[in-house]
Amino acid sequence: MDLTKFKHQHEIILDNISALRSLSKMGVTIHAHEIAKLIVSMSSTIKLHLSAEDRVLYPLLQQHRDSELNKMGKRYQEEMTKIAAEYDVFSRRWNTAASLTDQDDAFRQDANRVLRNIYERMSREDHDFYPTIESIE
C-alpha cells in the first residue's frame, strides 16, 4: 500500500501546527486573520486526510489477511473518532478573526490541548502504524 499521500498530508498539517504556534506566540489578536485563515486551510487538509483513511486505508486493513494489522487498524480508527471530534469543535470555535480577537489565552490553551493530540497521533502513525503497514505489505 502506498502511503505517500498520507505522509505528505501529515507534513502539511505539521507545518500548519508549527505556523499556528509561531503566530500564537507573536500574538493571537494581532494575527487573528492569519490564524483563522490557517485554521480553515488546515481543516480542509485534515478532512481530506480523514476521509481518505475512512474510505481507503481502514477498509483495506479490515480486509487484510494479517489479524494483528486488522486489530491495529480498528484501534487507530476508533481513537481517531475522538481526536477528530475535538478538532472539529476547535476549528469551528476559532475559524474567524472575530472569535480570536481578545481571546489570546483561551485560544492558546485550546490549541495546545487539541493540536498536541493531533501531533501525537500523527507521530504514532508515522513511527508505528505506517511502518507496520509497509513492513507487512
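# How the helices pack

Modeller: Let's start with H3 and H5: the crossing where H3 passes H5 is left-handed. Bear in mind that this is a predicted model.

Colleague: What makes a crossing left-handed rather than right-handed?

Modeller: The near helix has to be turned anticlockwise from the far one by less than a right angle. H3 passing H5 gets the left-handed label, so the turn there is anticlockwise.

Colleague: How do you know whether H3 runs roughly parallel or antiparallel to H5?

Modeller: Take the angle first: the axes of H3 and H5 cross at roughly 155 degrees and come within 10 Å. The cut-off for roughly antiparallel is over 145, so H3 counts as roughly antiparallel to H5.

Colleague: And which kinds of residue make up that contact of H3 with H5?

Modeller: They divide into 16 nonpolar, 4 polar and 9 charged.

Colleague: What about H2 and H3, how do they run relative to each other?

Modeller: Helix H2 covers residues 32-63 and helix H3 residues 67-93, and their axes cross at roughly 160 degrees, coming within 10 Å. Anything over 145 is roughly antiparallel, which means H2 earns that description against H3. Their crossing is left-handed.

Colleague: Which residues hold that contact of H2 and H3?

Modeller: From H2 they include Ile 39, Met 42, Ile 46 and Leu 50, and from H3 they include Leu 69, Tyr 76, Met 80 and Phe 90. By class, the contact of H2 with H3 divides into 12 nonpolar, 7 polar and 2 charged.

Colleague: What do you call the angle between H2 and H5?

Modeller: H2 and H5 pack at about 30 degrees, with their axes 14 Å apart. Under 35 degrees counts as roughly parallel, so that label fits this pair. H2 passes H5 in a left-handed crossing.

Colleague: Which residues of H2 and H5 meet?

Modeller: Among them are Ile 35, His 49 and Leu 57 in H2, and Phe 107, Arg 121 and Phe 129 in H5. The contact of H2 with H5 has 13 nonpolar, 1 polar and 3 charged residues.

Colleague: How does the span of H5 compare with what's expected?

Modeller: Helix H5, residues 104-136, has 33 residues, and at 1.5 Å a residue you'd expect 48 Å. From first C-alpha to last, H5 reaches 46 Å, close to that value.

Colleague: Where does H5 bend?

Modeller: At Glu 125, by about 45 degrees. Glu 125 is also one of the H5 residues that meet H2.

Colleague: What does the whole chain look like?

Modeller: It has 5 helices and 0 strands, in the pattern α-α-α-α-α along the sequence. Its C-alpha atoms fill a box of roughly 55 × 20 × 20 Å.

Notes:
Residues numbered from 1 in each chain as written. Predicted model: local features only at pLDDT ≥ 70, side-chain atom pairs only at ≥ 80, totals over all residues. Heavy atoms only, no water. Axes fitted to C-alpha atoms, helices over the stretch in contact; angles between N-to-C directions. Helix = DSSP H or I, 4+ residues; strand = E, 2+ residues; numbered from the N terminus. Parallel < 35°, antiparallel > 145°, perpendicular 65-115°, else oblique. Contact = heavy atoms within 4.5 Å. Nonpolar A, V, L, I, M, F, W, Y, C, P; charged D, E, K, R; others polar. Expected span 1.5 Å × (residues − 1). Bend = angle between axes of the 7 residues up to and from the residue.
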